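Here are some short exercises to work through with the model open beside you. Try each task before reading its solution.

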Amino acid sequence: MSVVAIDFETANERRDSACAVGLAWIEGGRVVRRETRLIRPPQMRFSPGNIRIHGILPADVRDAPTFPDVFAEFRPDLTGALLLAHNAGFDMGVLAASLAAWGESVPDMAGHCTLQIARRIFPDPAGHGLAKVAGRLGIRFEHHDAGEDAFACAEIALAALRETGAADIADLARGLGLMPIRAVAGPRRDFTRSTSAHALRASGIVDLRPKGELRFAMRGSTGNRYVLEFEERTDGPYLRCSCPAGTHRRRCRHVDALVEGDITDLTSNNVDDVERLRQLLDGKSVGPLRTKGVAAA
């Protein structure tokens, strides 16, 4: 049975919002292969807190493959494999939820949690987060990079094998009394349905779609909300923003964000229109053009 360590990064609080996956293959008592892939989530909604953790922006995954395409590449390796993850309940949940979100079948996959293994084999009152355990074991890696995290997870499992003398991961888990954690499919999420008016009001999201125009609502740095409208002018495309800089016809950070496809501060529920805007621009310069020496508002 092949053993593969896996780690996911997500765009927001939903487990079906994977934006990166890392994998590390164990064979012959060492890591023999490592892979990392960026993933375009079903909805390009990135929470600022998630971005602070992994540093992945919407613009980074705008042209990345979707989860089914990424998983198809690794499905032969993962089907029937024994998976490892640090806090495996989370990563197995992301795997199952992401497949279910796209209507994909979830293969028979089971995994073990190196967090649970570390608590039993390397007890320490300082805690057993990935970085803490790796640091105590002398494992060098870049935390919150999916491929690096998968590598650290694999190395922790290998260290546990050396410490206990277990024959393999399955033998180690049996000795510790650990039950496998399985990826279980949940209901498919319909990403084509509009958000209800009640939910929009409750969440504070502004619904601008009935206008039938390319209009967006963005949250400013102080929490104020601004509206951006796309206009086709004789001198070229223009994004008019209601923020102080925009009202003075200066290029603002809200315009920059939409042009780059960064929807971190988007509060209108028209994510698809951001992609439509990008296609309309197709590399064209959009006004207001940045004035030399003037910072974005």
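**Exercise 1. Find out why the sulfur of Cys 252 forms no bond with the closest cysteine sulfur.**

Step 1. The closest cysteine sulfur to that of Cys 252 belongs to Cys 243, and at 3.7 Å it is too far for a bond. A disulfide here means a pair of cysteine sulfur atoms within 2.5 Å.

Step 2. Cys 252 counts as buried, at 0% relative accessibility. Buried stands for under 20% relative accessible area and exposed for over 50%, with partly exposed in between (1.4 Å probe, protein chains only).

Step 3. Now try Cys 153: its sulfur is 7.9 Å from the closest one, in Cys 113, which is also too far for a bond. Cys 153 is buried too, with a relative accessible area of 2%.

Step 4. The structure therefore holds zero disulfides under the 2.5 Å cut-off.

A note before you go on: this is a predicted model, where local features need pLDDT of at least 70 and side-chain atom pairs count only at pLDDT 80 or more, while totals for chains, interfaces and linings use all residues. Residues are numbered from 1 along each chain as its sequence is written, and side-chain values use heavy atoms, leaving out hydrogens and water.

**Exercise 2. Work out which strands stand at the edges of the open sheet.**

Step 1. Write down the order of the six strands, S3-S2-S1-S4-S5-S6, with mixed pairing. Strands (E, at least two residues) and helices (H or I, at least four) are DSSP runs numbered from the N terminus, and two strands pair if DSSP finds at least two bridges between them.

Step 2. S3 (30-38) and S6 (181-182) each have a single partner strand, so one side of each has no neighbour in the sheet.

Step 3. Look inside the sheet: S4 and S5 pair in the parallel sense over four bridges. Ala 85 has Cys 113 in S5 as its bridge partner.

**Exercise 3. Describe the two sides of helix H8 (169-176).**

Step 1. Pick out the buried residues of H8, which are Ile 169, Leu 172 and Ala 173. Their arc around the axis is only 95°, which puts them on the same side of H8; the arc is taken from the directions from the helix axis to the C-beta atoms.

Step 2. These buried residues pack against S1, S4, S5, H5 and H7, where contact means heavy atoms within 4.5 Å.

Step 3. Turn to the face away from the buried side, and you meet the exposed residues Arg 174 and Gly 175.
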